[in-house]
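Good morning, and thank you for making time for this presentation. Please look at the structure on the screen while I go through it.

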Amino acid sequence: MNLKTIGIVIRREYFNKVRKKSFIWTTLLVPILIAGLTIGIMYAVINTKDKTKTIAVVDASGIVMPYMTDTETILFKEVTDIPVDSVKTKLSAMGYDGVLSVGAIDSTRSVSAELFSSKPFGMEVNESVTARINRAVEDYRIASYDIAGLDQILKDVKANVKLRSYTMDEDGKEKISEAGVYSILSMIMGIFLFMFITMFGSMVMSSVIEEKTSRVVEVLVSSVKSTELMFGKIIGVALVALTQFFLWIVLAGAIFTIGGGALMSKLGGDPTEIVNKMGGEQADQMAALAASPELADSGIATVISTLQNLPIGQIVGLFLLYFVFGYLLYASLFAAIGSAVESEGDTQQLQLPLTIPLMLAYIIALYAFRAPDSSIAFWGSIVPFTSPVVMISRLPFGVPTWEIVLSLALLVLTFALCAWLSAKIYRVGILMFGKKSTWKDLWKWLKQK
């Protein structure tokens, strides 16, 4: 193969793609839509409150009503002296949105409760009412034991042990490690690599089909070898996709920064306002959690320490290696499939053997962060067709060097073999028209010299 010719094909493929209006509009609109939609939803959640509900309470137990304190979105009115059936039939006339009927205390020292309304309440209302009833019953049961200080005793016996995890290197040096951080990082990297390989590989196949359908390929193969054309197209599309992805990150980051800053400015610059504006008990709990010094001392510090102790340079380098060779492996196969068909509708049958290992890799990756050293995770990170996605998911938990070397070696060798086989299919298939190709046809093309 002539590297200079491949370079010419790469430049042609790259500039033809980036100069298209579809590339420009997609590059501009996708981050704007994603960022705009996200910020819009956040703004709506923060500034939109549910309409205040007024609930009548018929409390036959005598213990629940004191716990029905009003909130910004729920008002409680005691109407114990009025029969429930009378309130139910006159909700609108009496100005109520619903009526809560609490039965008398039974032999189990509990109560029954029923909530009636003309329109279904949201989850916030139901959860809030249920929580208040449960607290009332719990306090009643505690008081029924007639043990001095029992309430405080129960609070004192509740344990809140926080387990801190450490890993030790060969020198015995301890490093903070949080499994949750590893799991999230593992899942994110595995999903991203799966998306990149699938998306970029499909772009190669679409590009091949487009040129074959328009008959442009007949002119191209008269000037360059089909193998040079295939590899030039694979690398050119990869550069186009990486360019677009980089621009998406930059544009989305800028939009999030500007939009997020405007949103924070509207709230007075205080992040806790976001929580406070949500309303309800959940907001109170979140605000208390956000203000807790323990969160800052343990949670955030642990996350930062765990990330600092990770070999970030090694992980980034291996991510790029597995992405490059994983993409090249699947892109060469997608190119072969694209050369064998005349429309994307004909690719389903031929594409299935490629999507199955990719989906299997995705499933194993989701399991790998739970058991990174399990047999299925090990073999998934060794087998070339699943190793790019699975191995990346295992890296945050630490993988022996020999496993990484073996995995990469097999991946590179498999890519070389698949690229050679794909080139044989591409050479014949790219000039085949008027016939729907089958696996039998591909096998015949492979045997041709």
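I begin with a network of salt bridges that links Arg12, Glu13 and Lys233. Please keep in mind throughout that this is a predicted model.

Within that network, Glu13 takes part in two pairings. With Arg12, the side chain of Glu13 forms a salt bridge at 3.7 Å, N to O. With Lys233, the closest N and O atoms of the salt bridge are 2.9 Å apart. This second pair joins distant parts of the chain, since Lys233 belongs to helix 9, residues 226–266, while Glu13 belongs to helix 1, residues 3–18, and 220 residues separate the two.

Are Lys233 and Glu13 buried or exposed? Both of them are buried. For Glu13, the relative accessibility is 2%, and it therefore falls in the buried class, for which the limit is under 20%. Arg12, in contrast, has a relative accessibility of 28% and so counts as partly exposed.

How many salt bridges does a search of the whole structure find? The search finds 5. One further example is the pair Arg394 and Glu403, whose closest N and O atoms lie 3.0 Å apart. Arg394 is buried because its relative accessibility is 2%. Glu403 is also buried, as its relative accessible area is 8%.

I turn now to internal space. The count of cavities of 30 Å³ or more comes to 1, and the largest cavity holds about 30 Å³ of space. Two elements, helix 14 (348–368) and helix 16 (387–394), each give two or more residues to its lining. Which residues line this largest cavity? They are Ile197, Tyr330, Leu358, Ala361, Phe385, Thr386, Pro388 and Val389. By class, that lining consists of 7 nonpolar residues and 1 polar residue, with no charged residue.

Next come the pockets, where I take the second largest, with a volume of about 290 Å³. Its lining is made of 17 residues, and those closest to the centre of the pocket are Leu333, Leu354, Ser422, Ile425 and Trp439. At least two lining residues come from each of helix 13 (312–340), helix 14, helix 17 (401–429) and helix 18 (439–447). Which helix gives the most to this lining? Helix 17 does, with 5 residues. In this pocket the lining comprises 16 nonpolar residues and 1 polar residue, and again no charged ones.

Helix 14 thus appears in both places: it contributes to the lining of the largest cavity and to that of the second largest pocket.

Let us move to the surface. Ile24, Trp25, Leu28, Leu29, Ile32 and Leu33 together make a nonpolar patch of about 590 Å². Of these residues, I single out Leu33, which is located in helix 2, residues 21–47. Leu33 has a relative accessibility of 57% and therefore counts as exposed, the limit for that class being over 50%.

My last point concerns a loop. Gly62 sits between strand 1 (53–59) and strand 2 (74–78). Its relative accessible area is 54%, so Gly62 is exposed. How far apart are Gly62 and Ile105 in sequence and in space? They are separated by 43 residues in sequence, and their C-alpha atoms are 8.6 Å apart.

To close, I return to the opening theme: Arg12, Glu13 and Lys233 are connected through salt bridges, and the Lys233 and Glu13 pair ties helix 9 to helix 1. Thank you for your attention.

Note on methods:
Residues are numbered from 1 along each chain as its sequence is written. This is a predicted model: local features need pLDDT of at least 70, side-chain atom pairs count only at pLDDT 80 or more; totals for chains, interfaces and linings use all residues. Side-chain values use heavy atoms; hydrogens and water are left out. Patches are made of residues with over 30% relative accessible area and no salt bridge: like charges are joined within 9 Å, nonpolar side chains (Val, Leu, Ile, Met, Phe, Trp, Tyr) within 5 Å. Accessible areas come from the Shrake-Rupley method with a 1.4 Å probe; for residues, only the protein chains shown count as cover. A salt bridge is a side-chain nitrogen of Lys or Arg within 4 Å of a carboxyl oxygen of Asp or Glu. Helices (H or I, at least four residues) and strands (E, at least two) are DSSP runs, numbered from the N terminus. Buried means under 20% relative accessible area, exposed over 50%, partly exposed in between (1.4 Å probe, protein chains only). On a 1 Å grid over the protein atoms alone, a cavity is a set of points where a 1.4 Å probe fits but cannot get out, and a pocket is an open set with protein on both sides within 12 Å along at least five of seven lines; lining residues have an atom within 4 Å of a point. Grid points are joined across faces, edges and corners, and a volume is the space filled by probe spheres set on the points. Ala, Val, Leu, Ile, Met, Phe, Trp, Tyr, Cys and Pro count as nonpolar, Asp, Glu, Lys and Arg as charged, and the others, Gly among them, as polar.
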